[in-house]
Amino acid sequence: VSVIGLSRIVRLERRHLFRSPRGRAVLASLSLLTLASVFVGGAVARTHRSAGDRDEGATWARIRESAGEAAVALRTSTSAIGSRPGAQAGAASQITSFDLAAWNDSFVARGDSPSTPLIAGDLALLPDSAAIRIYEPPTAVPSLAERSPAALILGTIDLAWLLALLLPLAAIALGFDAVARDRERGTLAMLLAPAGSGRALFFARVVASFSLLWIGVVPAAMIAWALSTHGLRVRDALSVCALLTGLIAFIASVVIAVSALADRSATSLATLIAGWLILFVALPLASSGLVRTAYPLPDPRARLEGELAAQDVFSRPSSAVLDREAERDPKLDPSLGQDGTSIQNRYYMLLSRERYRRAKGARHEEEQVLEQRAELAEILLWSSPPTIVSFALAELAGTGPRERGEFLEDGDAYRAAVERFVRDRVVANERAFDQSSADRWPRLDRPDRRSSLTALGAGLAFLILGIVVAVVAGAWMDRKDLAPTREDA
Amino acid sequence: LNALVAKELRLAWRARRVWLASLAMGVLSLAAAASGASQFLDRREAYERLASYGETSFQKQKAAHPHQIAHNGYVVARPPAPLGFLDGGVETAYGTYVRLDAHKTRSLQGSRTAELARGPGAGRFDLGLLLAVFAPAVLILLGYDLLAGEKARGTLDMMRVAGVEARSLIVSKLIGLCARAVIAVDAPIAVAVAIACAVAGELPLVRLGLWIGVHAVALVAWALIVLLVSAIARTPRGALMIGLAIWGLLALAVPPISGGLAAALRPLPPMGEEMVQAEKWAASAHAQNEVLRAEAIRDVQKRHPEWNGAGDPPEVLDAVMLRLADAEVARKVGRVLDAMEREEDRQARLATEASMISPSGLASLASSAIAGSDVSHMRAAWRAYEAYRVTLMAWFNDWWAKNGSGGFDQYQTEKSFAAFQDAPRLEQPAFGIGFALARAGLPLILLVATSLLVATALMLSARRAIGKGVRA
């Protein structure tokens, strides 16, 4: 078949598909659902961002307002922890950096990226912020999934959901009988006369189906994405385009290939629905089940014991611990303090290090399991098309399986920075937290771990797979019998 | 009508498609039952371990000052939902234990959000999910051609000539579809439910009956939708296409759109500042001032009118002050929690209303509520633990107020912990059927309303179809 002939067939098939009521219905539904998914995703992402920002903003406001404030409100915490029962309120003195960092929760926001509207459903599983105190590892605030039945039982629509569940169904509805119906009716032979070969017809129908799906999804997704986010990077947009193009090509090829190789439309539909259930529903469920089974979460009793031991560091202070810590950091020796506040700060600063170690140790086993799970999940995410797509988008948005752990790691690094900052002031026997200290208070600066390479690579892989499927199915179709089926006879 | 019903029942029994679907559903429902039951058993085992740990660690601790004991805390664990093996609901996302520690209000720990995944059910696969989301697709495959097939074959005209009324036709087709559903969906699910109950070792009959009832109502709604589609479509192929599209929309698109809209339009307030506030209040429980002291004296005088405020008080004032301060902290925290829960309820209500047209979304919400695995049950359990914390705290403060420190000091002592053995133990809150029904009420009402709406539309379209005959 000449190139001109092939392009003519492609044009004809495309026109036919775009003008058919089914084609129009699929196109309209896909465009509407894509717009809805990205806009809803964008709105959901904004609520998460504002939640994190509110907590972090309130922390900064508190730090700024604390400059020069009396310490009674915070210092009572010290007495509550250190000298029960019937402790007296702390003496009215000025707040110090140590008071702010130890007796008060500071919140850091997890932050988001311009790509989060595409995968906003992931945000329900992630904390929007974490509480930091210098004597314990960061504590994530409860995620939306832990507070809202709607987010978990019903789910949250976003582009990844659409691509995983609805796009394949739309492709099946569009093309399950693309070739099988002609075979069933006995009109395939007539169609093959002008087309020249089965491959040309097959290719033309794949291109027609691909074009309709592409026009239904990609422009709507890109427009809605651009409107619902800010700071969109060109390379991210190109990666998403590549991912969508590759995925659509793959799905269109597979659907038309099954239709071309089936004798009847019903067989084609049953095969495709079964395949969709296995590839797009069963495999992702099995993967998450496998991760759970391979690395079960540890018994929480060890953590509870560890947390109680950590609490004991302040409630039953040990002179051995104090001596050991003072030996490690002699500048913090309480005897070098100049007044009650600075002596108390040095005392608790030394204890806080031991308390941090115990609290960290209490969480160690659980953190290790979660890390192992994230590693295995990242491998298993390559086992099915929907998980590949959601992983690629998650990598782009920074909401992947490692994000929770990485956020808490970054939070811990920030905690260490705050501890260094506070230590310098404790060593200098700070009497009052002033404006210059407020200005120099460390800020969380998370490294940018987002990557558009996964989306690009996944898109290319899907495209290559789609082409391979098309070539093999086209060749196979040529060998298949064109005789009318039993029904035609 | 009898003849039509008999014909439909005969066809249902003889259809190969029905038995193939039954086989497929059998495999799926067994997998779902196994998955749900094994998760439930894990949860129950973890609960029993933690409950026993909490009790043992409380009783075996070293004796100390009564208020110190209260600060050491008491670990309580949340038992799994009564029908958690059938519908996991939000079990995985919600915490499972908490150390109740003096004045501090802590949220439940041990939530397993890391186990959640994308997609319907957030990664869980149990009978609740299978019935709500995937069984409707089977119903479509079973019944898409019930009316459209008559149209395509031209037998609808014959029926009209024979004087068959639309109502009789619809009733017979509905009974026929229900018979197919019984063979292909209900029977395998019933076997799977029985196996899940046996594996989990639980048989709460009333709750189980209600849970089955919720899904039955949802399946009837779906059956009516399938018949409506079959009545509207001109050909069986068209009916299948429209049916699958509607299933995709109602089961896979509308619920997450509702969830997303609810999250976007009624966002939950961030928790950070509330956590800070609660910590400050908790810390302030130990603060003492003259106003509090005066209040404590008045409180003691209420119980001991003979004491005129001079000399040694009959109760330890420090303890009374702590009790009063702690009660005030609990009230303040309670108000914050009430406000936050109101916001969560508003979001849930919006999500429920938005998923009104989706029997799957409504069935999921009602099913988890009846199973006791929805967020209301989890939240109520946690509030009961919080109330117990206040009771325990008050008990220790009372002990201290009445007996003094009793020789116990802040650090460990040689005295025995036996003096505190009478401290109240947690009684797990029992949530009856009434509580579950109150939570499942709105989704259930909407589900019935949807069914009635679809039934009306079906009757109208069937009358029209029979009246017009077939253009083909």
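Residues are called buried under 20% relative accessible area, exposed over 50% and partly exposed in between, with a 1.4 Å probe and protein chains only. By this scheme R233(A) is partly exposed, at 22% relative accessibility. The structure is a predicted model, in which local features need pLDDT of at least 70 and side-chain atom pairs count only at pLDDT 80 or more, while totals for chains, interfaces and linings use all residues. Residues are numbered from 1 along each chain as its sequence is written, chains are lettered from A and ligands numbered from 1 in the order in which they are written, and side-chain values use heavy atoms, with hydrogens and water left out.

Over all chains, the search of the whole structure returned 64 salt bridges, a salt bridge being a side-chain nitrogen of Lys or Arg within 4 Å of a carboxyl oxygen of Asp or Glu. In one of these, R233(A) pairs with D448(A) at 4.0 Å, N to O. Because R233(A) lies in the loop between α10 (198-228) and α11 (234-261) of chain A, and D448(A) in the loop between α18 (435-440) and α19 (453-479) of chain A, the pair ties together parts that are 215 residues apart in sequence; helices here are DSSP runs (H or I, at least four residues), numbered from the N terminus.

A salt bridge also links R303(A) to E366(A), with the closest N and O atoms 3.2 Å apart. R303(A) belongs to helix α13 (residues 300-315) of chain A and E366(A) to helix α15 (residues 340-380) of chain A, so this pair ties together parts that are 63 residues apart in sequence. Of these partners, R303(A) is buried, with a relative accessible area of 14%, whereas E366(A) is partly exposed at 24%. In a further salt bridge, the side chains of E325(A) and R324(A) meet at 3.9 Å, N to O; E325(A) is buried, at 1% relative accessible area, and R324(A) is partly exposed, at 34%. In addition, salt bridges that share partners connect R110(A), E403(A), E406(A), D410(A), R446(A) and R449(A) in one network.

Between the two chains, 83 residues of chain A are in contact with 85 residues of chain B, contact meaning heavy atoms within 4.5 Å. The area buried between chain A and chain B is about 7400 Å², of which carbon and sulfur atoms give 64%; buried area is the accessible area (1.4 Å probe) that two parts lose on being put together, summed over both. Five salt bridges were counted between chain A and chain B, and D299(A) and R49(B) form a salt bridge at 3.0 Å, N to O. Helix α2 (residues 21-66) of chain A supplies the largest share of the side of chain A that touches chain B, with 12 residues.

The largest nonpolar core has 157 residues, of which L163(A), L127(B) and W247(B) touch the most other members; such a core is a set of buried Ala, Val, Leu, Ile, Met, Phe, Trp, Tyr and Cys residues joined through side-chain atoms within 4.5 Å. Not counting residues up to four places away in sequence, L127(B) touches S29(B), A32(B), A33(B), L86(B), I189(B), A192(B), V193(B) and W211(B). Apart from the largest core lies another, of 56 residues, including A102(B), A262(B), A296(B) and M321(B).

In chain B, R323(B) lies in helix α12 (residues 317-354) and is buried, at 16% relative accessibility. Leaving aside neighbours within four places in sequence, R323(B) is in contact with D299(B), R303(B), A394(B), N397(B) and D398(B).

Definitions and conventions
Helices (H or I, at least four residues) and strands (E, at least two) are DSSP runs, numbered from the N terminus.
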